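Good morning, and thank you for coming. I should like to take you through one protein model, beginning with a term that we shall need.

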Amino acid sequence: MKHAFLLVLALIVLPHLISCRNEQIEEIENEILALREENVTKAKSEEEVATDGINETEADETEKQTPDLAKSDTEIADSLTQSGEEKQPRKNKPETDWDGILSSEYQLAGNKYYFHTMEWKQVNGSEQSVTITSYIDLTTGETGVICPDPLCQHNDPAVCKYISLNSVTDFMMADANTYLCGYRTNPNSKTKICAFDLRQDNYRVLFTPKQYCPDLLGMENGILWLREYYSKTSQKKTTNYQSVIGVRISDGEIVYTNTPPEDAKAFFFHDGLIYCDNVKSIIAFEPKTGDVTTLLSYAAADQVGAWYYDTLREEFWFSIINKEKKTGRVYRYSVAEGNCEEVPFLCGEVYYFQLTHSRIFYSPYEPLYLGENPSVDYGTWDYTGGKIYAVDRDEPSQTPELIYDAEGKYIICNIGVQTYTVFGDKLYLNHVDIIRQKRKDPNTGEMRNYVYFSLAEKEFKIRIDLSSGDEEEIHFE
Ligand SMILES: [Zn+2]
């Protein structure tokens, strides 16, 4: 925790950075961007050293922990029948309520849930934030990172090709062994879209862009859909171009190419259509014909929040939130019926939601003041009050059940904090350090109790068993 003070709001660096119109928020974002540009290599101040000790102890204690979960009767029976003396890893109860739901917040492949994690590491003599794709096996509780080399430190880009890839593009899992992402095949080359074979620990180039690294839009029937951008300057006039390209994952052959609708940002690809946001409406785009269908139009003050696509029920759920308040309404679009309707929650607007097959988990806007913040004059808040409610997916207007109350122990929702994920009866929270400290007021010199939050040195998750209430930290390396 060498950076706690300099990175008071460093969690905005999270890949799911959302654009904010609020002036104060923009101010913080600018600070964060400046920090990123400096490559975040800096010296410790005395104050940082003070925080350092506390957090390193915590990290040391938890770093090597393996999931400590109760064994089911069957698992105990299984372990009794094993003749070997070796201690078998404990097994998690398999989750069932997760398959087939796509989201911007994670990738699912095989039995695993994939996402990026961040750590501060020594890289060629300086300390830097390093990200890597990590996973949780939803059937066993096993955790890990995608780099298959057990001896790799995942800290030096010259050695580990799997680190800090999220700065160039998002990633996708084509299947449990094939990882697709933007990758610079040598330090001076352009970023290419590559397919990594995680068993062989090697990659092949799927697509070489004209100029910038493309966005990964989605996959269907062995085709990876990309959006490419490039610009051409002639007679002092620069024209920007975009194209949607379908690349066959097996051999890198380009099978389709077309021009996408202006400003369209894709969510996912399904049944031959790309579902997109074009900054004023949610649309479905047919890349072969160029046809566009509008699902829902929204106001200029709004933007899209969380979204999920349930491939089994063919339902697209998304929220349209106010850019400043970050709270808004949830909609369900039925692909079969072609209709879009508002989800009638009892509380009306929500701050964040999460969809599973049986339930909807949501947090209304119920701001909870946590305390004075030395960096921002509006203080530290959790905009959800730290509360997560659940309601039956088919009866969303019923009185919800309060399933979790962080009570100021964890941050559930703040600016740029990507919040929770639920699979089956497990709730996963991205851990954010809440630091409560007496410090001198920079203006008056008076000692004050400050509360602020920061990304931990090691990013981990808190897994909460919703049936027993048990909480544990889960780590990935
Ligand atoms: Zn590695």
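Strands here are DSSP runs marked E of at least two residues, numbered from the N terminus. With that in hand, Val-279 can be placed in the loop between strand 15 (273-277) and strand 16 (281-285).

Before going further, please bear in mind that this is a predicted model. The protein chain has an average pLDDT of 78, and 78% of the residues score at least 70. Over residues 1-90, however, pLDDT stays under 50, although the model has 106 contacts beyond four places in sequence for that stretch. Where pLDDT is low, the predicted coordinates should not be read in detail.

Let me return to the loops. Most residues other than glycine have a negative phi. Val-279 is not a glycine, yet its phi is positive, at about 75°. Is Val-279 buried or exposed? Val-279 counts as partly exposed because 14 other C-beta atoms lie within 10 Å, a number between the limits of 12 or fewer for exposed and 20 or more for buried. Ser-164 also has a positive phi, near 50°, and is found in the loop between strand 5 (143-145) and strand 6 (172-175). Ser-164 has 17 C-beta neighbours inside 10 Å and is therefore partly exposed.

For an exposed position, consider Asn-240 in strand 12, residues 237-248. Asn-240 has 8 C-beta neighbours inside 10 Å, so it counts as exposed. Beyond four places in sequence, Asn-240 touches Tyr-229 and Ser-231. Between Asn-240 and Tyr-230, which are 10 residues apart in sequence, the C-alpha to C-alpha distance is 5.9 Å.

I turn now to the interior. The largest nonpolar core holds 94 residues, and those touching the most other members include Phe-353 and Tyr-362. Contacts of Phe-353 beyond four places in sequence include Ala-306, Val-330 and Tyr-362.

How many residues of strand 23 (residues 359-363) are buried? Five of the five are, so strand 23 is largely enclosed by the rest of the structure. On one side, the buried residues are Arg-359, Phe-361 and Ser-363, and on the other they are Ile-360 and Tyr-362.

Which strands pair with strand 23? Strand 22 (residues 352-355) does so in the antiparallel sense over four bridges, and a hairpin of three residues joins the two. Within this pairing, Gln-354 has Phe-361 as its bridge partner. Strand 26 (residues 387-392) also runs antiparallel to strand 23, again with four bridges, and there Ile-360 is partnered by Val-391.

Conventions. Residues numbered from 1 in each chain as written. Predicted model: local features only at pLDDT ≥ 70, side-chain atom pairs only at ≥ 80, totals over all residues. Contact = placed C-beta atoms within 7 Å. pLDDT = per-residue confidence, 0-100. Core = buried A, V, L, I, M, F, W, Y, C linked by C-beta atoms within 7 Å. Pairing = 2+ DSSP bridges.
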